[in-house]
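Please work through the exercises below with the structure open beside you, and try each task before you read its solution.

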Amino acid sequence: MTAPVTTALTRPEDLLTEGLVTPADMPALAQVAQDFRIRVTPAMRAAIATPADPVAAQFVPTAAELITRPEERADPIGDAVHSPAPGLTHRYPDRAILHITKTCDVYCRFCFRRETVGETGPLPEPDLAQALEYIAATPALREIILTGGDPLTLSPRRLEDVLTRLSAIPHLTTLRFHSRVPVVAPERITPALADLLRRPRPAVWVVVHTNHAQELTAPARAALARLVDAGVPLLSQSVLLKGVNDSHDALRDLFRALQDCRVKPYYLHHCDLAPGTGHFRTTIAAGRALMAGLRGHLSGAAIPTYVLDIPGGFGKVPITADHVAPGARPGLWRVTDWRGGVHDYADPAS
């Protein structure tokens, strides 16, 4: 039996050694690695049972990433058009995103920020100071969403510094961390870190990104329990991915497993139009059918909202009849944003 890996896999050669790719894959993977970073943590390598399973599909690169479809975009959800300060996205009146780091513990093959994650580390101090100055001067802001990259890859010292500075802004009531760490690097969720995140105001919430029940290993479940037991409320977000979780059984098992871990399923995202991700993208019609099939078979507390981030920076909407309606031809949808604007969205060709 092969010994478990103890360091992250970051090169095509590492994946070959682990039997996750074949020698024939290597020329294409060398090209992929020039544009998109590779990182598979020891925890996720241990979660992979076969090179073709749902966990491997999320983290092991393939030649399909070299195919960029015409509709795909470097900034698919339009972060840049709503950036009043470095590292800050202010799209909605009462909340803003603080991109506190570009580093992740894993690099998902479908990531909507895949062209920028990993290029730098933490937000430089002058940029952070400018972002915090904007937040402090904008009293309409009540909630800051810390993301990146992955904010829980920061050292406890740096995290504490950021939390202290945000907590000093009186109009903030909520800080929300979006993170893969509790699942992909559960060893980072120490009792001390869980205690650091426990604070009455601004209240800290953690939104855990996970896409398949197979990711929720025993160490991951223990990490989630440490957070919940410390009083940190947990939500989840997942991405609907072809070949990973695009079946009733896979989604049902994922949402039930999250509920068992005391995590409320929050969002199921339609896969964004990031470059080289077309092989992961389902149609909206298929996603709607999957969600409809969960009704009656899952508690309402275990069913997330299925959402689309409208390309171009127009915000996120539920994929319901109120917001997403059939267009003039099959596969074309008319999407109404939160301000009432209407946009076309085309499903991938079948």
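## Exercise 1: The three-stranded sheet

In the predicted model studied here, Ala325 stands opposite Arg334, a residue of strand 11.

Task: Work out in which order the strands of this sheet are arranged and in which sense they pair.

Solution. Begin with the strands that contain these two residues: strand 10 and strand 11 pair in the antiparallel sense, and three bridges join them. Next, widen the view to the whole sheet, which is open, consists of three strands in the order 10-11-12, and has antiparallel pairing. Then look at the edges, where strand 10 (324-326) and strand 12 each have a single partner strand, so one side of each is left without a neighbour in the sheet. From one strand to the next, the twist averages 30 degrees. Finally, add the helix that packs on this sheet: helix 11 touches strand 10, strand 11 and strand 12, and its direction makes about 70 degrees with that of strand 11.

## Exercise 2: The nine-stranded sheet

Task: Find out which strands lie at the edges of the nine-stranded sheet, and which helix touches strand 1, strand 2 and strand 3.

Solution. Start with the order of the nine strands, which is 1-2-3-4-5-6-7-8-9 in an open sheet with mixed pairing. In this arrangement strand 1 and strand 9 (316-318) are the edge strands, since each of them pairs on one side only. The twist in this sheet averages 25 degrees from one strand to the next.

Now follow one pairing inside the sheet: strand 2 and strand 3 (residues 143-147) run in the parallel sense and share five bridges, and Ile97 has Ile145 in strand 3 as its bridge partner. The helix asked for is helix 5, which packs on the sheet by touching strand 1, strand 2 and strand 3, while its direction makes about 25 degrees with that of strand 1. Another helix, helix 6 (residues 156-167), lies across strand 3, strand 4 (174-179) and strand 5 (203-209), and runs at about 150 degrees to strand 4.

## Exercise 3: A strand inside the structure

Task: Decide whether the residues of strand 4 are buried or exposed, and examine each face of the strand separately.

Solution. First consider the strand's pairing with strand 3, which is parallel and extends over four bridges; here Glu143 has Thr174 of strand 4 as its bridge partner. Second, recall a general point: in a regular strand the side chains alternate between the two faces of the sheet. Third, test the two faces in turn: Thr174, Arg176 and His178 on one side are buried, and Leu175, Phe177 and Ser179 on the other are buried as well, which leaves both faces of strand 4 covered. The conclusion is that six of the six residues are buried, and therefore strand 4 is largely enclosed by the rest of the structure.

## Exercise 4: The nonpolar core

Task: State how many residues the largest nonpolar core has, and which helix gives the most to this core.

Solution. The largest nonpolar core has 94 residues, and among those with the most contacts inside it are Met44, Leu98, Ile144 and Phe177. Helix 10 (residues 248-260) makes the greatest contribution to this core, giving five residues. To see what surrounds one core residue, take Met44: when residues up to four places away in sequence are not counted, Met44 touches Val55, Phe59, Val106, Val183, Val184 and Glu215.

## Exercise 5: Aromatic pairs

Task: Classify the pair of Tyr92 and Trp338, and then the pair of Phe110 and Phe280, from the angle between the ring planes.

Solution. The model has three aromatic pairs. In one of them, Tyr92 and Trp338 lie 5.4 Å apart from centre to centre with 55 degrees between the planes, and this pair is tilted. The pair links distant parts of the chain, 246 residues apart, with Tyr92 in strand 1 (residues 88-92) and Trp338 in the loop between strand 11 (332-336) and strand 12 (342-346). Tyr92 is buried at a relative accessible area of 13%, whereas Trp338, at 36%, is partly exposed.

For Phe110 and Phe280, the ring centres are 5.8 Å apart and the planes meet at 80 degrees, so this pair is edge-to-face. Phe110 and Phe280 are 170 residues apart in the chain, and both are buried.

As a last step, return to Tyr92, whose ring has the charged end of Arg95 sitting over it, 4.2 Å from the ring centre.

Methods: Residues are numbered from 1 along each chain as its sequence is written. Side-chain values use heavy atoms; hydrogens and water are left out. Rings of Phe, Tyr and Trp (its six-membered ring) pair if their centres lie within 6.5 Å; planes under 30 degrees apart count as stacked, over 60 as edge-to-face and the rest as tilted. Buried means under 20% relative accessible area, exposed over 50%, partly exposed in between (1.4 Å probe, protein chains only). A charge sits over a ring if NZ of Lys or CZ of Arg is within 6 Å of the ring centre and within 35 degrees of the ring normal. Two strands pair if DSSP finds at least two bridges between them. Axes are lines fitted to C-alpha atoms, for helices over the stretch in contact, and angles run from 0 to 180 degrees between N-to-C directions. Contact means heavy atoms within 4.5 Å. A nonpolar core is a set of buried Ala, Val, Leu, Ile, Met, Phe, Trp, Tyr and Cys residues joined through side-chain atoms within 4.5 Å.
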